[in-house]
Amino acid sequence: MSERRPAAASHRLPVLKTHKVYVGGKFPRSESGRFDRTLAPDGTPIANICRCSRKDVRDAVTAARAAQAGWAARTAYNRGQVLYRIAEMLEGRSGQFGALLAAGGATPDEAAAEVQAATDRLLHYAGWTDKFQQVFSSVNPVATSHFNFSILEPMGVVGVLAPESPLLGLVSSIAPAIAGGNTTVVLVTGSQPLPATTFGEVLNSSDVPGGVVNILTGRRDEMLAPLAAHRDVDALLLCSPDPDVARSAEIEAVHNLKRVAVRPHEDWTDVQSPYEITDLQEVKTTWHPIGS
Amino acid sequence: MQSSTATASFESPPIDTVGVEERVARLCSRSIKKDAKLQALHLTLSMIDLTTLEGADSEGKVRQLCAKALQLHAALPDLPHVAAVCVYPALVGVAKRTLKGSGINVASVATSFPAGQAPVEIKLLEVRRAVEAGADEVDMVISRGRFLAGDFAYTADEIASVKEACGDAHLKVILETGELGTLDAVRRASDLAMRSGADFIKTSTGKIKPAATMPVVLVMLEAIRDHYLRTGEKIGMKPAGGISTAKDAIRHLVMVRETLGQDWLDPDLYRFGASSLANDVLRQIVKQGSGIYQSFDDFSM
């Protein structure tokens with residue numbers, strides 16, 4: 001009765017992927033050990049994803065802080081090269097992202113168009129990294145004998161509440177932040193987290209130093225408040241159309257006077273401009289004495 | 001001074017490395033939360049030897065460190081003070097003057113720290129000068145080269161003569177476990193130091209990695225326990241180097257409590273040698289109170 005048979009090809013067990021979070025250049029699970037099930041629009045389960053806790057937020061901020069000085073010290077040109085490299089790697093995986101978006105309900109044409117738009121968006125900000133400083137810095141006329149000039153510096157660690165738009169919105173919120181020398185902690189709380197966890201793999205193979213982008217999946221009500229209140233986070237980028245979400249996060253953000261930028265867009269097709277970079281920059285003005 | 005052969009001729013028990021690692025792993029899994037955590041954090045602060053041992057240390061740097069020792073964090077008034085400030089012998093004077101009347105001890109490293117590769121007369125002179133300048137505690141390094149060559153009598157003699165030179169000052173003996181290689185050697189050196197007059201045994205200089213790893217500390221704690229059971233004498237323990245987070249410190253406290261008991265949870269018998277640990281502990285204390293994760297930017301250097 002117990003004779004051995006070779007397993008028929010049709011009986012092969014499927015190898016399901018574990019979608020882990022991306023923190024400090026590594027792919028850990030949530031410290032809490034919890035997970036959520038992601039469902040396709042028709043209700044069939046697609047994958048398990050980590051349900052991160054406030055302690056994962058804490059660890060991600062530590063990683064982002066550790067990476068920030070080194071990332072800001074890169075030349076602007078080099079940051080542009082790295083962003084371009086992300087676009088290259090995303091292009092190479094366009095089929096995979098297309099399939100993920102299609103599994104989330106997009107038509108094949110829509111999915112392909114969104115992957116292309118996300119790739120182009122990375123190119124856009126790759127081009128701006130070594131140009132926004134020239135455009136937005138200034139030499140200021142003053143009445144005293146000073147050489148007075150203003151330059152832009154990165155805010156530091158930026159907390160990002162990622163938008164519902166699973167790929168284009170995600171890329172459109174992360175790219176301008178890191179283009180300007182910030183590091184990010186990205187909370188992915190929408191109904192389609194798989195493009196974001198897979199984008200972590202793209203980042204990991206694109207010369208982006210570990211810790212520059214940290215991607216956590218889970219529930220907004222568990223992660224946003226500790227991130228918004230965290231004193232080592234310098235700015236928040238809240239991509240949510242719900243004014244109550246932005247308001248509650250702004251209240252938490254008051255402890256260390258974080259800058260809060262709100263992006264209520266649902267359609268991210270046209271959300272592309274150098275002002276997206278400068279919104280996450282601090283202006284430093286220097287008064288340099290000169291002979292009269 | 002005891003005769004060296006008598007001091008050095010004894011057997012140390014062999015160490016079961018796998019057993020030590022398992023015990024450490026089990027102790028590290030304890031969860032210390034809420035009130036117990038807050039109590040542990042305060043205890044940790046009171047056990048810290050705030051340390052600066054850099055070639056670039058100046059009087060200004062030491063005064064700044066002493067100011068930090070005197071006021072850890074202005075926003076938290078009810079903090080205990082640290083146990084001691086630990087500096088090089090040349091800077092003992094300025095530390096002593098700055099800390100006068102505060103109850104905070106001044107510890108000085110001596111005996112040609114960190115290598116210990118100097119003639120013994122020079123080492124003893126250094127110890128005497130440090131004590132004359134006001135050091136309450138002396139942290140000496142053993143001659144690892146002689147110890148590893150099997151010259152236990154020399155090592156024992158050296159520790160005994162430094163103890164003599166210390167006078168009333170407490171002697172901490174640094175084994176520099178990162179250079180000893182095996183846990184058996186750590187146990188042997190611990191036994192040797194305690195029999196030769198050490199008041200404290202200390203893991204490391206902080207200049208060599210690995211420094212105060214948990215298995216090494218557990219072996220030293222067990223040596224202290226066995227010494228206490230044999231003689232009734234309570235020897236102190238000071239892990240130093242590599243303990244930079246409050247979480248690490250609490251794990252050490254658990255290990256001390258489980259190995260030596262409540263008596264050793266006291267700055268007179270247990271110290272942390274650290275420079276960055278204090279700020280992480282302060283961060284956690286503020287976090288415990290406010291529920292908000294803190295930034296290092298909000299705490300003085």
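**View 1. The salt bridge between A:Arg231 and B:Asp298 in a predicted model**. In this predicted model, the side chains of A:Arg231 and B:Asp298 form a salt bridge across two chains, with the closest N and O atoms 2.5 Å apart. The rule finds 1 salt bridge across the interface of chain B and chain A, and for that interface there are also 4 residue pairs in polar contact, counted where both residues have pLDDT 80 or more. On the side of chain B that touches chain A, the residues divide into 5 charged, 2 polar and 2 nonpolar.

**View 2. The contact between chain B and chain A**. Chain B gives 9 residues to this contact, and chain A gives 9 residues as well. Between them the two chains bury about 810 Å², and 50% of this area lies on carbon and sulfur atoms. On the side of chain B, the residues B:Ile292, B:Tyr293 and B:Ser295 supply 67% of the area buried against chain A, which is more than any other three residues supply.

**View 3. The open sheet of 8 strands in chain B**. Pairing in this sheet is parallel, and the strands of chain B follow the order β7-β6-β5-β4-β3-β2-β1-β8. At its edges are β7 (236–238) and β8 (272–274) of chain B, each of which pairs on one side only. Neighbouring strands are turned by 25 degrees against each other on average, when direction is ignored. Helix α10 of chain B, made of residues 214–231, packs on the sheet and touches β6 (200–202) and β7 of chain B, and the direction of this helix makes about 170 degrees with that of β7(B).

**View 4. The pairing of strands β4 and β5 in chain B**. Strand β4 (residues 137–141) and strand β5 (residues 170–174) of chain B run parallel and are joined by 5 bridges. One residue pair can be followed by name here, since B:Glu137 has B:His170 in β5(B) as a bridge partner.

**View 5. The open sheet of 3 strands in chain A**. This sheet has the order β3-β4-β10 in chain A, with antiparallel pairing. Strands β3 and β10 of chain A are the edge strands, each pairing on one side only, and the twist from one strand to the next averages 25 degrees. Strand β3 (residues 138–140) and strand β4 (residues 146–154) of chain A pair in the antiparallel sense over 3 bridges, and these two strands form a hairpin with 5 residues between them. Strand β4(A) is also joined by 9 bridges to strand β10 of chain A, residues 281–289, again in the antiparallel sense. A:Ser150 can serve as a reference point in β4(A), as A:Ser138 stands opposite this serine, while in β10(A) the bridge partner of A:Ser150 is A:Thr285.

**View 6. The salt bridge between A:Glu222 and A:Arg51**. The side chains of A:Glu222 and A:Arg51 meet in a salt bridge, at 2.6 Å from N to O. This pair links distant parts of the chain, 171 residues apart: A:Glu222 belongs to helix α8 (residues 220–229) of chain A, whereas A:Arg51 sits in the loop between β2 (45–50) and α1 (54–73) of chain A. Over all chains, the count of salt bridges by this rule comes to 37.

**View 7. Two cis peptide bonds in loops of chain B**. Most peptide bonds are trans. A cis peptide bond nevertheless joins B:Phe113 and B:Pro114, with omega at about 0 degrees, and B:Pro114 is placed in the loop between β3 (105–109) and α6 (120–132) of chain B. Another cis peptide bond joins B:Lys209 and B:Pro210, with omega at about -5 degrees, and B:Pro210 lies in the loop between β6 and α10 of chain B.

**View 8. The positive phi of A:Asp207**. Most residues other than glycine have a negative phi. A:Asp207, although not a glycine, has a positive phi of about 65 degrees. The loop that holds A:Asp207 runs between α7 (194–204) and β7 (213–217) of chain A.

Note on methods
Residues are numbered from 1 along each chain as its sequence is written. Chains are lettered from A and ligands numbered from 1 in the order in which they are written. This is a predicted model: local features need pLDDT of at least 70, side-chain atom pairs count only at pLDDT 80 or more; totals for chains, interfaces and linings use all residues. Side-chain values use heavy atoms; hydrogens and water are left out. Contact means heavy atoms within 4.5 Å. Buried area is the accessible area (1.4 Å probe) that two parts lose on being put together, summed over both. A salt bridge is a side-chain nitrogen of Lys or Arg within 4 Å of a carboxyl oxygen of Asp or Glu. A polar contact is a pair of N or O atoms within 3.5 Å; within protein, one must be able to donate a hydrogen and the other to accept it, and residues adjacent in sequence count only if both atoms are side-chain atoms. Ala, Val, Leu, Ile, Met, Phe, Trp, Tyr, Cys and Pro count as nonpolar, Asp, Glu, Lys and Arg as charged, and the others, Gly among them, as polar. Two strands pair if DSSP finds at least two bridges between them. Helices (H or I, at least four residues) and strands (E, at least two) are DSSP runs, numbered from the N terminus. Axes are lines fitted to C-alpha atoms, for helices over the stretch in contact, and angles run from 0 to 180 degrees between N-to-C directions.
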